[in-house]
Amino acid sequence: MATLAAQPYDYSLPTDGSAALIIIDMQRDFLEPGGFGEALGNDVTRLQAIVPTIQKLQQAFRDRGWLIVQTVEGHQSDLSDCPPSKRERGQSSLKIGDPGPMGRILVLGEPGNGIVPALAPKPDEIVIGKPGKGAFYATPLQDILQAHGITHLIFTGVTTEVCVQTTMREANDRGYECLLVEDGTDSYFPAFKASTLEMVRAQGGIVGWTATAEQVLAAIS
Ligand code: C5J
């Protein structure tokens, strides 16, 4: 075990391969102009700043042969897994399934749905398509983590208060020891990111811990 001076108190990170890096939705639809994020009226450029930080963690986990799971939020091409409520929400100019500058919005396999090239997974790394905000909902994530003997999850990705927080809460309920990397996650709304970090670690770590990427890297090296 390695120990990090995380918040709200020390986090014990196993160094035997039972910790996995979870990279949530670092996909072009949320990070690049012309995607779903921008269609919802957001400035997508600020999310791009966390890519180098996640790259460092990705490399560190790769170097150690530890599990990395990436997710992408996306739907089947017939939208059979997209509730009409989700498609209609927001009255945006581009809806899920509509053709956009990077292919059909939030549809699995479309160019915009792919992970940004800087974080492209290796052929043997796991990428899970998820129809919801939480990565455990309607996906094989729990089975995959159990098959790999994972007990601890290190969370990165976007957006902090939506898909990252939802997944972290789902993981917490399933008994995983969760740590959110403060500079490895971001939101279109800085105040929402700050509030989420506070919420996670409030009440003695009610959802889990937070720490910087440097702390995680120092602990495991
Ligand atoms: C949305 C996400 N829709 N990855 N997804 O905000 O947080």
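# Notebook: a sheet, its helices and some rings

**Entry 1, strand β4.** I started in the middle of things: from β4, the side chains of I68, Q70 and V72 point one way, V69, T71 and E73 point the other way, and all of them are buried. The model I am looking at is a predicted one. Six of the six residues of β4 are buried, so this strand is largely enclosed by the rest of the structure.

Next I looked up the partners of β4. On the β3 side, the two strands pair in the parallel sense over four bridges, and I22 stands opposite V69 of β4. With β7, strand β4 pairs in the parallel sense too, over five bridges. There, T71 has I128 of β7 as its bridge partner.

**Entry 2, the whole sheet.** In what order do the strands of the open sheet run? I read off β7-β4-β3-β8-β9-β10, six strands with parallel pairing. A reminder to myself: strands of a sheet pair through backbone hydrogen bonds, either parallel or antiparallel. The edge strands here are β7 (126-130) and β10, each pairing on one side only. On average, and with direction ignored, neighbouring strands of the sheet are turned by 25 degrees against each other.

I then followed the sheet to its β10 edge. Strand β9, residues 177-186, pairs with β10 in the parallel sense over three bridges. One residue to click on is L180, whose bridge partner in β10 is T210. Helix α8 (residues 213-220) packs on the sheet and touches β9 and β10. The direction of α8 makes about 130 degrees with that of β9.

**Entry 3, helix α3.** I checked the length of this helix, residues 51-64. At 1.5 Å a residue, its 14 residues should span 20 Å, and the end C-alpha atoms are 20 Å apart, which agrees.

Which residues of α3 are buried? My list has V51, T53, I54, L57, Q58, A60 and F61. I also noted what covers them: the cover includes strands β3 (19-24), β4 (68-73), β8 (152-158) and β9, along with helices α1 (28-31) and α8. Just after α3, G65 takes a positive phi of about 70 degrees.

**Entry 4, aromatic rings.** How many aromatic pairs does the structure hold? I have six on record. I looked at Y11 and W209: their ring centres are 5.0 Å apart and their planes stand at 65 degrees, so I wrote the pair down as edge-to-face. Since Y11 is in strand β2 (residues 11-13) and W209 in strand β10 (residues 209-211), the pair ties together parts that are 198 residues apart in sequence. Both Y11 and W209 are buried. With Y9 added, Y11 and W209 form one aromatic cluster.

Then I turned to F61 and W66. Their ring centres are 5.3 Å apart with planes at 85 degrees, so this pair is edge-to-face as well. F61 is buried at a relative accessible area of 0%, and W66 is buried at 10%. Over the face of W66 I found R64, at 5.9 Å from the ring centre.

**Entry 5, K86.** Buried or exposed? I was curious about this lysine, which lies in helix α4. K86 has 18% relative accessibility, and buried means under 20%, so K86 counts as buried. Leaving aside neighbours within four places in sequence, K86 is in contact with E73, H75, I96, L106, P131, G132 and K133. One of these contacts, E73, is among the buried residues of β4 from my opening entry.

**Entry 6, D98 and G103.** D98 lies in the loop between α4 (84-88) and β5 (99-100). Where does D98 make contact, once neighbours within four places in sequence are left aside? I found R87, S93, G103, R104 and I105. I also took a distance from D98 to T45: they are 53 residues apart along the chain, and their C-alpha atoms are separated by 22 Å.

G103 lies in strand β6, residues 103-104. With neighbours within four places again left aside, G103 is in contact with D98, E110 and P111. My last note is on L141, which is 38 residues from G103 in sequence and 26 Å from G103 in space, C-alpha to C-alpha.

Note on methods: Residues are numbered from 1 along each chain as its sequence is written. This is a predicted model: local features need pLDDT of at least 70, side-chain atom pairs count only at pLDDT 80 or more; totals for chains, interfaces and linings use all residues. Side-chain values use heavy atoms; hydrogens and water are left out. Rings of Phe, Tyr and Trp (its six-membered ring) pair if their centres lie within 6.5 Å; planes under 30 degrees apart count as stacked, over 60 as edge-to-face and the rest as tilted. Buried means under 20% relative accessible area, exposed over 50%, partly exposed in between (1.4 Å probe, protein chains only). A charge sits over a ring if NZ of Lys or CZ of Arg is within 6 Å of the ring centre and within 35 degrees of the ring normal. Two strands pair if DSSP finds at least two bridges between them. Axes are lines fitted to C-alpha atoms, for helices over the stretch in contact, and angles run from 0 to 180 degrees between N-to-C directions. Contact means heavy atoms within 4.5 Å. The expected span of a helix is 1.5 Å times one less than its number of residues.
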